[in-house]
Every structure is written in structure tokens, then in C-alpha cells.
Amino acid sequence: MGVKEKIKQSKFADNREKAVVNITYTQSYLSGCFNSVLKDHKISMQQFNVLRILKGQHFNPVSVLEISSRMLDKMSNASRLIDKLCAKELVIKKTSEGDRRQVDITLTSKGILKLDELNMLVRGVLQEHNNLSEVEYDHLNKLLDKFRND
């Protein structure tokens, strides 16, 4: 079923408008899928994103500013997310030794284990949506990059 039927809209001004609505609808759909597997762990998509950013730094401390700049959801409040992850003992906040004004964040061993568990769940969602070939996924990625004019 296409986006037209899903949202019960019979006409779009043009294919550009339809594509933007389709992208928005698909993003919302995928967020729902990911949130449903993360909610039992009391982790939001934004918190999951922070954990992935930290692991991607190969366990080196990362500043809050750097985390903010790399967030998928640019409206996220990285400081608040980090505070919640600290309360869950998944990350540690520490004043930077090089710059006392900077706060560095690192994953805890509990955070690493939790992220590994969450990554398996997210991979499961991705496997359920394996409807395109590798070539089609590559083409889709290029089109989305081109759309954003990156």
C-alpha cells in the first residue's frame, strides 16, 4: 500500500510534495518500530543515538558539544539525555582534564552491554524491513543525500 492510501490523501500537488510526505511518513513509521523495541528497556531513540555515538568513538571520552553536533535529531537536548543515561549508570560524566569548562562523556561497562543488547533488537527491526536489494538501498541512500543537498 502506498503513502496515498496510508494517509488517505487522494492528490498531491506534484511528485516532490508526495516524496516529502512519503519521507516524513516513513521516518515516523520507522521511529515507531524502533521505539517499540527500545521502550521495554526505558531507552529513547535519542538516548540510543547518544550511546551509539559514544561507542563509535572507540571508548574515547566525547564532549557534550561533539555529541550534540552528531545527533540525528538536532532538536535533542544532549545534556538532558546524558543526565538520564548517567542516572541509569550507562555513561559517566567527567570534567575534561585539558579544559575544565568541558564535560567529557564515556560509556560504562553496563552501557556497553546495554548497547550491545539494544543493537541486536534494532538489527531485528532492520531485518524485518529487508524489502530492497543492496543496490536499491545504495540508490536510495544516494537519492536521500542528493535530496538534502549534502
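**Exercise 1. Find out how many disulfides the whole structure holds.**

Solution. A search of the whole structure turns up 0 disulfides, where a disulfide is a pair of cysteine sulfur atoms within 2.5 Å. Next, look at two cysteines in turn. C33 has a relative accessible area of 16%, so C33 is buried. C86 has 23%, so C86 is partly exposed. The cut-offs here: buried means under 20% relative accessible area, exposed means over 50%, and partly exposed is in between (1.4 Å probe, protein chains only).

A quick word on the model: it is predicted, local features need pLDDT of at least 70, side-chain atom pairs count only at pLDDT 80 or more, and totals for chains, interfaces and linings use all residues. Residues are numbered from 1 along each chain as its sequence is written, and side-chain values use heavy atoms, with hydrogens and water left out.

**Exercise 2. Sketch the overall layout of the protein.**

Solution. Start by counting: there are 7 helices and 3 strands. These are DSSP runs numbered from the N terminus (helices: H or I, at least four residues; strands: E, at least two). Now put them in order, and you get α-α-α-β-α-α-β-β-α-α. For the extent, the C-alpha trace spans about 55 × 30 × 30 Å along its principal axes. Finally, of the 150 residues, 25% are buried.

**Exercise 3. Work out which residues touch the most other members of the largest nonpolar core.**

Solution. A nonpolar core is a set of buried Ala, Val, Leu, Ile, Met, Phe, Trp, Tyr and Cys residues joined through side-chain atoms within 4.5 Å. The largest one has 25 residues, and V50, L51, L54, I67 and V91 are the ones you're after. Two or more residues come from each of α2, α3 (45–56), α4 (64–70), α5 (78–87), β3 (103–107) and α6 (109–128). Helix α3 gives the most, with 5 residues. Now zoom in on V50: leaving out residues up to four places away in sequence, V50 touches I67, M71, L81, I82 and L85. Contact means heavy atoms within 4.5 Å.

**Exercise 4. Decide whether N119 is buried or exposed, and list what N119 touches.**

Solution. First, place N119: this residue sits in helix α6. Its relative accessibility is 13%, so N119 counts as buried. Then check its partners: apart from residues up to four places away in sequence, N119 touches F48 and R52.

**Exercise 5. Place V20 in the structure.**

Solution. V20 belongs to helix α2 (residues 15–38). With 36% relative accessibility, V20 counts as partly exposed.
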